[in-house]
Amino acid sequence: MFLVAFDPIAILRAAVPFLSLLVLLVVLHELGHFFAAKAFGIKVLEFGVGFPPRVKGLVWKKGETEYTINWLPIGGFVRLLGEEDPTDPRSLAAAPRWKRLVVMFAGVFMNAVVAVLLMTVSFMIPRERDLSGALVSQVAAGSPAAEARVTGEMRDGSQPLQGLQPGDIVLEVEGREIKNTNELIFANRLNLGETQDWVINRAGSTLRAEVYARWHPPAGQGPTGIRIGAPSTCLEQGDNGECVRSELLYPFTESVWYPPWEALPKGIGYLGDIVVLTVNEVRVSVGGGGGGGTGSGGPAFTGPVGIADQTGEIIKEAGWRPLIEMAALLSLNLAIFNALPIPMLDGGRMFFVFVEILRGGRRISPEKEALVHFTGFALMMASVVVVTYFDIARIVS
């Protein structure tokens with residue numbers, strides 16, 4: 001029964017693009033370490049694509065460095081002389097502290113640069129933007145939306161009712177133009193825990209509303225307490241008076257693209273937004289409550305199998321262009337993850353250098369540092385196995 005659940009063609013369609021992206025991004029990361037080490041005269045013993053065992057016949061040596069192709073297509077690596085042992089003058093550990101920090105940080109820097117370049121390219125590619133609008137269809141009693149302070153003047157000169165009202169169309173959130181419901185959700189969750197400045201259209205009048213977005217709203221409510229949808233008109237009503245067939249009032253799209261000089265700052269800004277959004281979502285998930293997630297109820301954490309499955313879905317539903325954005329986000333994730341002070345990762349190795357600085361230049365023994373990194377590696381591999389198990393269980397079910 002377990003094997004029947006798998007479609008070999010679907011697996012290949014998902015795995016090949018994902019593994020190609022992963023290997024490319026990790027190799028680019030390792031190239032950062034490689035070039036920095038070469039520039040400082042640190043001896044590079046091996047540059048490998050994939051992980052051992054080696055592929056026979058695909059090993060060659062140029063100068064003092066071996067270049068290898070390996071059987072496990074899950075990334076790549078650079079092996080430097082003496083990463084913890086400073087006995088050799090050309091080892092990494094023997095280099096001055098600032099050089100070691102540059103070499104260790106170079107991979108993170110490379111992934112960050114790649115993420116920016118890929119997202120810039122993404123903004124240069126024409127895409128269809130939904131212009132259907134974002135309509136407030138329901139406001140929960142006692143919610144921040146119901147208590148929002150509304151300012152401005154109605155077309156007849158009267159003062160507007162306080163609180164958001166069903167039928168209000170959201171035009172802006174914190175200066176961001178809102179053209180559809182997804183843009184409203186994104187802008188709203190980007191500013192959780194804040195009183196947001198909204199521009200709304202109410203019966204043809206443009207008003208401003210101050211709306212607080214809660215971290216942990218009651219179950220069934222969003223951060224502000226509203227339900228939203230695209231403005232539409234009812235074409236057919238059922239026996240109970242509910243609309244059974246409707247039509248969008250604004251069934252339009254526009255093609256959007258930017259020249260390089262505009263795409264670059266937009267790409268950087270979008271990546272910054274993603275970092276803030278991710279922090280917000282983790283904070284919501286950790287704190288509990290009913291406000292989690294911008295997505296459709298998927299898992300909060302996923303591993304290689306889960307990401308590969310998502311890659312297959314993206315290709316099937318939206319084609320290859322969104323893979324550029326996915327690659328940019330993966331590269332950004334690699335940069336951030338590797339910068340964390342976790343043993344074995346670049347951030348963990350940099351942490352030991354900073355500890356050395358705080359200790360007045362006294363090193364932690366190479367044996368102890370190596371043990372810490374090995375322990376970190378073992379724990380991380382165990383975590384990957386656990387997450388992968390749940391990914392496979394979710395896909396099979």
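This is a short walk through one protein chain, from the overall picture down to a few residues.

Okay, so first, a word on what we're looking at. It's a predicted model, so local features need a pLDDT of at least 70, side-chain atom pairs count only at pLDDT 80 or more, and totals for chains, interfaces and linings use all residues. Residues are numbered from 1 along each chain as its sequence is written, and side-chain values use heavy atoms, with hydrogens and water left out.

How confident is the predictor? pLDDT is its confidence in each residue, from 0 to 100. The chain's mean is 84, and 84% of its residues reach 70 or more. Two stretches to treat with care: residues 1-5 stay under 50, with 3 contacts beyond four places in sequence, and residues 314-318 are also below 50, with 9 contacts beyond near neighbours in sequence. By contact I mean heavy atoms within 4.5 Å.

Now the whole chain. The secondary structure comes to 8 helices and 13 strands. Those are DSSP runs, numbered from the N terminus: helices are H or I with at least four residues, strands are E with at least two. Of the 397 residues, 37% are buried. Buried means under 20% relative accessible area, exposed means over 50%, and partly exposed is in between, using a 1.4 Å probe and protein chains only. And if you take contacts with a separation of 6 or more, 64% of them join residues 24 or more positions apart.

Let's look at two helices. Helix α2 covers residues 97-124, and its 28 residues reach 40 Å from first C-alpha to last, close to the 40 Å expected. That expected span is 1.5 Å times one less than the number of residues. There's a bend in α2 of about 35° at A106, where the bend is the angle between axes fitted to the seven residues ending there and the seven starting there.

Then there's α7, residues 346-358, where 13 residues reach 19 Å, close to the expected 18 Å. Its buried residues include M350, F352, V353 and V355. Right after α7 comes G360, with a positive phi near 70°.

Which residues other than glycine have a positive phi here? One is E174, at about 50°, in the loop between β6 and β7. Another is M344, at about 85°, in the loop between α6 and α7. Both count as partly exposed: E174 at 36% relative accessibility and M344 at 22%. Why point them out? Because most residues other than glycine have a negative phi, and most peptide bonds are trans. On that second point, the bond from P52 to P53 is cis, with omega near 15°, and P53 sits in strand β1.

Last stop, two residues in strands. T68 is in β2, and is it buried or exposed? Buried, at 2% relative accessibility. Its side chain makes a polar contact with the side chain of E46 at 2.8 Å. A polar contact is a pair of N or O atoms within 3.5 Å; within protein, one must be able to donate a hydrogen and the other to accept it, and residues adjacent in sequence count only if both atoms are side-chain atoms.

Q196, in strand β8, is buried too, at 1%. Its side chain reaches the backbone oxygen of N191 at 3.0 Å. And among the residues Q196 touches is E174, the one with the positive phi.

Key
pLDDT = per-residue confidence, 0-100.
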